[in-house]
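Open the model in your viewer and keep a selection box handy. We will stop at a few places, picking out residues as we go.

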Amino acid sequence: MKKLLLLVLFTLVTVVTYAGGYRVSAQGQRALAMGHTGVAVVNSAELVFFNPAGLVHLENKLNISAGVSGIFNSVIYQNAELGLSSETDSSLGTPLNLYGSYKVNDWLALGLGVYTPFGSEVAWPTDWAGSYLVNNIELAAIYIQPVVSIKLSDYFSIGGGPIFVTGSVNFNRNFNPSLTDFEGNRSNITVDDSGVSNWGWSLSAMFTPTENFKLGFNYRSEIVLEAEGGEATFANFPDTPLLPVSNGTTTFDAELPLPAELTIGLSYEYNEKWLFAFDYNRQFWDVYSSLDLTFGNGASSLNRRNYKNSSVYRFGLQYEATSKISLRAGYYLDESPVQAGFFAPETPRNDSQGFTGGLSFAVTPKLAIDASFLYLRFEEIDASYDFGVDPITNEVVPFGGTYKSSAFAPGLGLTYKM
């Protein structure tokens, strides 16, 4: 099952932020409202995630930010030529984030972040045409990240620290396009596990050539999740020696890398009212070439992915409307890492555009309420997965059609400083 987590973690690494079971880009309400920019924006403890080097530039000694988003997403599949159509069940993901920082002195700050970059549910009907590729995925992952921020000069600071990730996953698919037991129940495989964990690291820098202009850099390392001796359940198989597997529970082994990410960006403050931010995010997906599972009963599942590196272009704007109200808006363009012929329905994502907005209301000088929303629009796409293999006949079974995806994510948070 650990392998499953691998699969979902990595493959999901990009969609619930929105598309159907994927990576959740909701690591801070203020940043999300500004197109999820933040690598060069100094306004809260959200910097623990976006750029730890900036923590030492916060004015207050103690800073705390907490938030939650509700992600509503749907995916519709159609194949007009074959008269097929399916839609994922309505689901709600709730990514959380909690950050804190403490300024030890003028040149040193410490921080800690707990957030959920993966956490959603995708459920197709169990009798849909692509059920031999996926029926459902449920994923929950928690990242815990302690950081340190050091000011080397008035113009330059660095930051970073280790990252610990722990998570759980449940994954189910049918064995092949048509196999059932003698009562007509579809033969299927379920992988389920929890407590899968590993370590990574982050490194960041911030350059402030002028009081109003900042440049930021943040790098998060690749994290390889390895599963050994996970649990897999084979169910509803007919009792016959002609099949390579039978009903029961066995183990499986697998590994999957979560890709490294590099973000660089800038922010510019104008007239003490306006703040503009731009982030460029590069995701090194080319490490995800295949998802291979080896079962203890002698069976195996080889799943080609062949992802490519992809980029996200983010733009954000903030306006200080009054002493108590800050308004925010943003936009981003997210390129898909999926190449032609490798469009698998457990992560039915393609190029997308994100439209964001929100505001902060200062209840007191120390406490503010942060609100955000995101509408993610995926381009309609005709795509296929050309490498599905029937484990009984060993024949390639391509699967394709038209996918329509969208997601909406309102969020609410609190910022405290003293």
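Start by selecting Leu327, Leu359, Phe361, Val363, Ile369, Leu412 and Leu414 and showing their side chains: in this predicted model they make up a nonpolar patch on the surface, with about 560 Å² of accessible area together. Now color β19 (352-362) and β22 (399-417), the elements that give two or more residues to the nonpolar patch.

Stay with the patch and pick Ile369, which sits in strand β20 (residues 367-378). Is Ile369 buried or exposed, or partly exposed? Its relative accessible area is 34%, so Ile369 counts as partly exposed, because that value falls between the 20% limit for buried and the 50% limit for exposed.

Next, zoom out to the whole protein chain. A cartoon view should let you trace three helices and 22 strands. The radius of gyration is 23 Å, close to the 22 Å from the globule rule for 418 residues, so the chain is as compact as a globular protein of that length. Along the principal axes, the C-alpha atoms fill a box of roughly 75 × 40 × 35 Å. If you color by accessibility, buried residues account for 54% of the 418 residues. Switch on a surface and you are looking at about 17000 Å² of exposed area, 57% of it supplied by carbon and sulfur atoms. As for contacts between residues at least 6 apart in sequence, 68% join residues at least 24 apart.

Now select strand β10 (residues 213-220) together with strand β13 (residues 261-270): they run antiparallel and are joined by eight bridges. Add strand β14 (residues 274-283), which pairs with β13 in the antiparallel sense over ten bridges.

Thr263 is a handy marker here. On one side, Thr263 of β13 is the bridge partner of Asn218; in β14, Thr263 stands opposite Asn281. Follow β13 into its hairpin with β14, where three residues lie between the strands, and stop at Asn271, which takes a positive phi near 60°.

For the last stop, go back to β10 and select Phe217. With 29% relative accessibility, Phe217 is partly exposed. Which residues does Phe217 touch, not counting those up to four places away in sequence? Show Val39, Asn51, Leu203, Ser204, Ala205, Leu262, Thr263 and Ile264 to see them. Finally, draw a distance from Phe217 to Ala53: the two are 164 residues apart along the chain, yet their C-alpha atoms are separated by 8.7 Å.

Conventions:
Residues numbered from 1 in each chain as written. Predicted model: local features only at pLDDT ≥ 70, side-chain atom pairs only at ≥ 80, totals over all residues. Heavy atoms only, no water. Patch = residues over 30% accessible without salt bridge, like charges linked within 9 Å, V, L, I, M, F, W, Y side chains within 5 Å. Areas by Shrake-Rupley, 256 points an atom, 1.4 Å probe, with all protein chains shown as cover. Salt bridge = Lys/Arg side-chain N within 4 Å of Asp/Glu carboxyl O. Helix = DSSP H or I, 4+ residues; strand = E, 2+ residues; numbered from the N terminus. Buried < 20%, exposed > 50% of the residue type's maximum accessible area, 1.4 Å probe, protein only. Rg over C-alpha atoms; globule rule 2.2 N^0.38 Å. Contact = heavy atoms within 4.5 Å. Pairing = 2+ DSSP bridges.
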